[in-house]
Each structure stands twice: as C-alpha cells, then as structure tokens.
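Biologist: Got a minute to walk through this one with me? I'd like to poke at a few spots.
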Amino acid sequence: MSINELRSREIGKEIYVLGNEAIARGAIEAGVWVASCYPGTPSSEISDTLSELSKYFGFNFEYSVNEKVAAEVAAGVAIAGGRSMVIFKGAGFFVASDLLFHLPYAGLNGAMVIAACDEPSLHSSGDEVDMRLMGHAGYIPTFVPANPEEAKEMTIDAFKLSGEIKYPVMLRCTTRVCQQRGFIKLGPIPDGENHTIIWDTKKPWWQQFALVPATCIPGRLRSIETINRVKEFCEDSKYTEFIKRDSEIGILTCGVCHGYALEALKLLNL
C-alpha cells in the first residue's frame, strides 16, 4: 500500500490495505498523540506504517527498547490526559504485564489502546497464547476484529471506549487478520488539535497512581464495575452479527474464525 493513499484526507475513499495498515489508519483517525512499540511479527506493519505517517500528521512515534518501556511510554501519555497506542506481538504482553495488569486499577485521564497481535500456528513466534485470556485476567476490555475493515473501525472505537471509561483497552489481532488484505473507507482525520495535558492539581498523584493497597483495593472494585459497564456496551455493539438459518445448531464465533465458519458452511453446503 502506498503511504500517499494511507495519508489521504479524501473522506469515503476506498483503499486496499493490510489489516495492520488499517489499524494504523484507525489510530490516526482516532486522534492518537503518541504511538510506541517493540516490533515483532505479526504486528510489525502497524509500527512501520505509523512511523511513516507520523511525518504528516503531527503525532509522535517511537521504537522502544522492549515492550515494557513501550507500554510505559504510552501509559504516561494516557495518564497525563493524552491518547496513546502501544504495539507489540502477543508474546510482548508478558514483558509489559507488570504495568498492564496494574494500570486498570489506577485508571487513566486520557485513552490508551494496546495492540497485541497473536500468532496461531506459530509462523514466527515461540508461543501460541490467546491474549483474550490475558485481557480477561487483567480486567482489560478487548476488541477482536475479523477483517481489515473491522480492524480500522475497532481501533477507533477502542480509543473512544478507553476515553469514556478511563481504562486501557486492548485490540487483539491474529496473523490472518494482520496480514489479510481488504478494502477500508477513509474517515476524517482530526486537524490542528491542541495536545493539552490534563491533570487534576487538587488531587495528589499518589492517591491514584501509587499502586499500593490503599489505592489498589478501591481500584479493583472500580475495575469490576467498569467491566460490567463494558458488557452492556457489547450487548448492543454494531459488531455483533446474527445470521439466521434453518437449523437447530448454532455457531458462536469471534474474530477471524467468523470468516472461517462462513467459508466452511459454504464449502460443505450446510
């Protein structure tokens, strides 16, 4: 994909992209301030694309020395009221987990999206962990796109949700979404936004961000309440699709498995 097409401001224009390029475009349309990463397949093109596009849209991008540092950079921006994204392959979540498992207890003043890309079948990875389980364990709401179009739109909605609930939100992709090609429609890009730090000077920072029992106990209770609020959002989500057929058997799918299931039904004439 040409960078010139990805940086186009022509609203409604259709372009043919990788799933990873769709995520990068979604982050820009969501108004990302800072993107940090530790690159690794299958997530690499997200970072490469954001690195190039940062030259045109006024946000900061950096490669970090490891996933933990990348997550801390993104968290710092979101704590200060900005919008940030951290990118790594699924295995990188473990490197950054010390921060990511505690951050929901503290909450944010802005928005933070964690793009974690899993690799079923281990094409270039040493593990096959399902990051949806890590999201569940860490009280981190998780979006799971099925194709490039959803990858872009879910990135935008992940930023929106994170900003509303003041918690990190994860975008969990897999190789067959990251490397899949499809059409996306370009949306508007925020222009001339003032990146102003938001900080409540009346409240000492340690009352929210020093992760000791005095702050973590109420923080855990808030995280449970937040997840319950997100469940309500999911029930009415535009991504929930019901396909009715004349059968007593139902199939529940998530992510790229949705496409596989539809393809199998077609090939088997079921």
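Biologist: Let's start with H4: how many residues has it, and how far does it reach from its first C-alpha to its last?
Modeller: H4 has 13 residues and reaches 18 Å, close to the 18 Å expected at 1.5 Å a residue. Keep in mind that this is a predicted model.

Biologist: Which residues of H4 are buried?
Modeller: They are Glu67, Ala70, Ala71, Ala74, Ala75, Val77, Ala78 and Ile79. An α-helix has 3.6 residues a turn, so residues three or four places apart point the same way.

Biologist: And Val69, buried or exposed?
Modeller: In between: Val69 sits in H4, which covers residues 67–79, and counts as partly exposed because its relative accessibility is 28%. Val95 is 26 residues away from Val69 in sequence, yet their C-alphas are 9.3 Å apart in space.

Biologist: What goes on at the start of H4?
Modeller: A side-chain oxygen of Asn66 comes to within 3.1 Å of the backbone nitrogen of Lys68 there. Just after H4, Gly81 has a positive phi of about 105 degrees.

Biologist: Which other residues have a positive phi, glycine aside?
Modeller: Lys166 is one of them, with phi near 60 degrees. Lys166 lies in the loop between helix H8 (148–165) and strand E7 (169–174). Asn269 has a positive phi too, near 55 degrees, and is in the segment after helix H12 (257–267). Most residues other than glycine have a negative phi, and most peptide bonds are trans.

Biologist: How accessible are Lys166 and Asn269?
Modeller: Lys166 is partly exposed at 33% relative accessible area, while Asn269 counts as exposed at 69%.

Biologist: You mentioned peptide bonds. Where is there a cis one?
Modeller: From Thr41 to Pro42, with omega near 15 degrees. Pro42 is in the loop between strand E2 (34–37) and helix H3 (44–57).

Biologist: Switching to rings: how many aromatic pairs are there?
Modeller: The count is four, going by ring centres within 6.5 Å. Phe61 and Tyr63 make one, edge-to-face, at 4.8 Å centre to centre with 90 degrees between the planes.

Biologist: Why does Phe61 count as buried and Tyr63 as partly exposed?
Modeller: Buried means under 20% relative accessible area, and exposed means over 50%. Phe61 is at 17%, so it is buried, whereas Tyr63 is at 41% and therefore partly exposed.

Biologist: What about Phe93 and Phe101?
Modeller: They form an edge-to-face pair as well, with 5.7 Å between centres and 65 degrees between the planes. Phe93 is buried at 0% relative accessible area, and Phe101 is partly exposed at 28%.

Biologist: Which residue lies over the face of Tyr56?
Modeller: That's Arg7, at 4.1 Å from the ring centre.

Biologist: OK, Ser223. Where is that, and what does it touch?
Modeller: Ser223 is in helix H11 (residues 213–235). Leaving out residues up to four places away in sequence, Ser223 touches Tyr105, Tyr139 and Tyr167. Ser223 is buried, with a relative accessible area of 0%.

Biologist: Last thing: where is confidence lowest and where is it highest?
Modeller: Lowest in helix H10 (residues 206–209), at a mean pLDDT of 70, and highest in helix H2 (residues 19–29), at 97. Over the chain the mean pLDDT is 90, and 94% of residues reach 70 or more. Where pLDDT is low, the predicted coordinates should not be read in detail.

Technical notes. Residues are numbered from 1 along each chain as its sequence is written. This is a predicted model: local features need pLDDT of at least 70, side-chain atom pairs count only at pLDDT 80 or more; totals for chains, interfaces and linings use all residues. Side-chain values use heavy atoms; hydrogens and water are left out. Rings of Phe, Tyr and Trp (its six-membered ring) pair if their centres lie within 6.5 Å; planes under 30 degrees apart count as stacked, over 60 as edge-to-face and the rest as tilted. Buried means under 20% relative accessible area, exposed over 50%, partly exposed in between (1.4 Å probe, protein chains only). A charge sits over a ring if NZ of Lys or CZ of Arg is within 6 Å of the ring centre and within 35 degrees of the ring normal. Helices (H or I, at least four residues) and strands (E, at least two) are DSSP runs, numbered from the N terminus. pLDDT is the predictor's confidence in each residue, from 0 to 100. The expected span of a helix is 1.5 Å times one less than its number of residues. A polar contact is a pair of N or O atoms within 3.5 Å; within protein, one must be able to donate a hydrogen and the other to accept it, and residues adjacent in sequence count only if both atoms are side-chain atoms. Contact means heavy atoms within 4.5 Å.
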